[in-house]
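This report describes selected features of a predicted model. It considers a helix, a pocket and the packing of the interior.

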Amino acid sequence: MNFQIMDALQQIRKPIECEMNRYKDVFDSFLVHKNPLLNLVLSTIAKRKGKMMRPLLTLLSAKFIGGEINDNTILSAAAFEFFHTASLVHDDIVDESDERRGQKSINYSFGNQAAVLVGDYLLANALLCSSKTKNTRLVEIVSVAAQSLADGELLQLGNIQNESISEDIYYDIIKNKTAALFAACAEGGVLSVSADEESIQTMRKFGEIVGICFQIRDDIFDYNSDSQIGKPTGNDMKEGKLTLPVIYALKSTQNAEMLDLAHKVKSGEVSQEDIDKLLAFTKNNGGIEYAVKVMNDYADKAKSLLDDYPDSDAKQSLLTYVDFVVDRCL
């Protein structure tokens with residue numbers, strides 16, 4: 001993680017620095033087990049903490065609306081991060097990925113059988129953390145997010161075999177796969193401080209829109225040849241996925257040759273040469289610029305949801321959080 005990113009994250013975390021330390025202690029306490037194999041895998045996961053975007057959103061949302069972060073807020077943040085971690089482990093199995101962000105995936109290192117079971121264990125941790133709050137609505141939020149993620153994954157798998165190339169289906173997938181968890185993080189954080197229903201729903205919408213931005217930015221990375229990204233260029237296409245940049249370029253030009261290549265992507269019969277052609281076509285026909293514009297429009301919508309709330313350090317951190325999501329380079 002470079003210094004620029006670390007500095008931005010430090011600014012975002014500033015209003016909740018102490019609470020983040022409490023969160024880390026709680027999260028880490030679940031990553032030790034007497035079962036030797038399970039403990040080995042959990043210790044591997046413990047060493048791979050990322051930017052912790054989801055617990056940050058949970059804690060900042062609570063601070064922004066309620067001011068006081070409590071034990072239930074901390075447990076909620078841990079629940080969502082366990083849910084997210086479980087989804088990454090399961091995603092790598094589904095995608096047959098050997099690496100994640102430059103490190104060997106859990107399924108590659110320990111086998112699919114162990115990876116499935118560890119993913120299940122992490123998901124159980126998410127439910128256990130949410131149940132410890134004794135708030136059934138939070139348990140419901142976590143459970144519905146899990147349903148949405150599975151729905152999105154299955155929609156994506158089904159779409160690979162679907163000949164139509166549609167922005168609407170793309171948004172349906174990312175709302176279920178990515179945005180639903182960001183929405184749950186913000187909603188759960190506000191719920192933990194007993195805020196009014198209007199604020200709960202406002203922050204849920206904020207989280208959903210930020211999640212859409214997050215996924216569009218992630219998809220744009222697929223067209224970047226910078227090795228620091230940690231994701232091979234054209235990786236989505238290798239997995240049969242067509243994302244917003246190429247969907248726009250195809251729809252706006254109706255280029256028959258490129259449409260044929262796109263259908264080869266969906267059928268899994270595409271070569272690296274074909275992928276390179278489709279990547280270049282997308283870049284040369286405004287696909288990246290379009291995706292960036294859409295992402296920035298969504299970012300503006302997210303920020304506008306906070307307009308009616310008084311200024312505070314937490315509000316500034318949430319605005320910076322949105323900027324970080326759209327501007328991040330990793």
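Helix H8 has 25 residues, which at 1.5 Å a residue should span 36 Å; the C-alpha atoms at its ends are 36 Å apart, so the expected and computed spans agree. The buried residues of H8 include Leu 138, Ile 141, Val 142, Ala 145, Leu 149, Glu 153 and Ile 160. Packing against the buried residues of H8 are H5, H7, helix H9 (167-191) and helix H13 (256-267).

The second largest pocket encloses about 260 Å³ of space. Helix H5 (71-94), helix H7 (112-132) and helix H8 (136-160) each give two or more residues to its lining. Of the 14 lining residues, Ser 87, His 90, Leu 149, Ala 150 and Glu 153 lie nearest the centre of this pocket. The table divides the lining residues of the second largest pocket by class.

| Class of lining residue | Number of residues |
|---|---|
| Nonpolar | nine residues |
| Polar | three residues |
| Charged | two residues |

The largest nonpolar core comprises 99 residues, and Tyr 321 is among those with the most contacts inside it, as are Tyr 23, Leu 122 and Phe 206. Neighbours within four places in sequence aside, Tyr 321 is in contact with residues including Ile 12, Met 53, Arg 54, Leu 57, Phe 182 and Val 210.

Cys 185 belongs to helix H9. Its relative accessibility is 0%, and therefore Cys 185 counts as buried. When residues up to four places away in sequence are not counted, Cys 185 touches Arg 54, Leu 57, Thr 58 and Phe 80. Arg 100 lies 85 residues from Cys 185 in sequence, with 23 Å between their C-alpha atoms.

Definitions and conventions. Residues are numbered from 1 along each chain as its sequence is written. This is a predicted model: local features need pLDDT of at least 70, side-chain atom pairs count only at pLDDT 80 or more; totals for chains, interfaces and linings use all residues. Side-chain values use heavy atoms; hydrogens and water are left out. On a 1 Å grid over the protein atoms alone, a cavity is a set of points where a 1.4 Å probe fits but cannot get out, and a pocket is an open set with protein on both sides within 12 Å along at least five of seven lines; lining residues have an atom within 4 Å of a point. Grid points are joined across faces, edges and corners, and a volume is the space filled by probe spheres set on the points. Helices (H or I, at least four residues) and strands (E, at least two) are DSSP runs, numbered from the N terminus. Ala, Val, Leu, Ile, Met, Phe, Trp, Tyr, Cys and Pro count as nonpolar, Asp, Glu, Lys and Arg as charged, and the others, Gly among them, as polar. A nonpolar core is a set of buried Ala, Val, Leu, Ile, Met, Phe, Trp, Tyr and Cys residues joined through side-chain atoms within 4.5 Å. Buried means under 20% relative accessible area, exposed over 50%, partly exposed in between (1.4 Å probe, protein chains only). Contact means heavy atoms within 4.5 Å. The expected span of a helix is 1.5 Å times one less than its number of residues.
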